[in-house]
Amino acid sequence: MPVATIEWTGELPGAARLIDQTLLPGEVRHLDLDRAEPMWEAIRALRVRGAPAIGIAAAFGLVAGVQHFTGGDRTAFAAEVARVAAYLRTSRPTAVNLFWALDRMERRRAADAAHDVGSQLRGLLAEARAIEAEDKAMCRAIGRHGLALVRDGTVALTHCNAGGLATADYGTALAPFFAAHAAGRRFRVFADETRPLLQGARLTAWELQQAGIDVTLICDGMAAAAMRERQVDLVLVGADRIAANGDTANKIGTYGVAVLARHHGVPFYVAAPTSTFDLTLANGSQIPIEERAGAEITHGFGRPTAPAGVKTWNPAFDVTPRELIAGIITEHGILERPDARRITDHFARHHAGARTAAAHHQGAAP
Ligand code: MRU
């Protein structure tokens, strides 16, 4: 990535520095956030977005929020960590990485409970940095595993943005493209613009173009024609939450792309780290789907594009049933034809720390 999506600057006190993605591609502006409230707002407003990046942002946001704690009372510090974590959990409901990261941060504080407050705070920053570092390694591993899918001559299609701007490194769904490009392969990518907030146009097309990858931007409604007339032979998307049976929530429109892919005989792959699995949910009908303001549809980027007062429905995500998914690329390999048994096996084999039935603190929209 030409610019770091999110990082911690300074030590303690310090700040989470992130790119304000709402301004891209026109302007690359960094924000330094040293409290929980602006981080909550940044997550809610999609200044930082994409499931893994939201998890990292929440972890740094927790540190930012509790770094101003004064005094040495460990019980009061524990209560403050719990309060700020509960607050950050209300920022967005669908990407499970947010809850996964905050669960992990709270476990770290509990493990350090016998230490003084300063040590506990340093422990929290170390944990957030570990989440960020592991995310980088995860991206590279997904890139390596997904490389086999991107051959010379491949024509791929992706939806939304699951690239560097959604992670700490070069993404999940875009990682195999970056890896294939580095390996000298020649291929093409169609990027759906991704209504209503245009993550595909503003972010994915920007990232791929900067990397020198052959990218063609299309409107969402052109995906069917692209599959039939432009010989698309691979669909690769990210995920916000994957249920125990493989049903996958991702940006609104992904389900439609999966149906189109099935109709045209195109393999549909999901790329996501194991931190995006929520094994507490039996299937996708239980995944909380964020609904956002209707103004995102009626006033695209400021200008009215619909009659005043028209009714809207604006779910930010949809669920693709597992039957439509050819495979899920995790940091451990490709999980072909996902179902509950294969997912259980994948986790058992790799001892991954996803949310399990024992996990607590289910997040809820405010
Ligand atoms: O609303 P967003 O922009 O946060 O939605 C992002 C997506 O749907 C991504 O595809 C998903 O989070 C995977 S990011 C690696």
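Here is a short chat about reading the ligand site and some backbone features of a predicted model.

Trainee: What should I know before I start?

Mentor: Residues are numbered from 1 along each chain as its sequence is written, and side-chain values use heavy atoms, with hydrogens and water left out. Since this is a predicted model, local features need pLDDT of at least 70 and side-chain atom pairs count only at pLDDT 80 or more, while totals for chains, interfaces and linings use all residues.

Trainee: Which residues come nearest to the ligand?

Mentor: A residue is near a molecule if one of its heavy atoms lies within 4 Å of it. Here 17 residues surround the ligand, and Arg49, Ala51, Arg92, Asn250 and Lys251 come nearest.

Trainee: Which polar side-chain or backbone atoms lie 2.8 Å from an oxygen atom of the ligand?

Mentor: A polar contact is a pair of N or O atoms within 3.5 Å. Arg49 brings a polar side-chain atom to 2.8 Å from a ligand oxygen, and Ala51 does so with a polar backbone atom, also at 2.8 Å. In Asp240, a side-chain N or O atom lies 2.8 Å from an oxygen atom of the ligand.

Trainee: What about the peptide bonds and phi angles?

Mentor: Most peptide bonds are trans, and most residues other than glycine have a negative phi. In this model, a cis peptide bond joins Leu24 and Pro25, with omega about 5°. Another cis bond links Arg195 and Pro196, where omega is about 0°. Thr194 is not a glycine, yet its phi is positive, about 75°.

Technical notes: A polar contact is a pair of N or O atoms within 3.5 Å; within protein, one must be able to donate a hydrogen and the other to accept it, and residues adjacent in sequence count only if both atoms are side-chain atoms.
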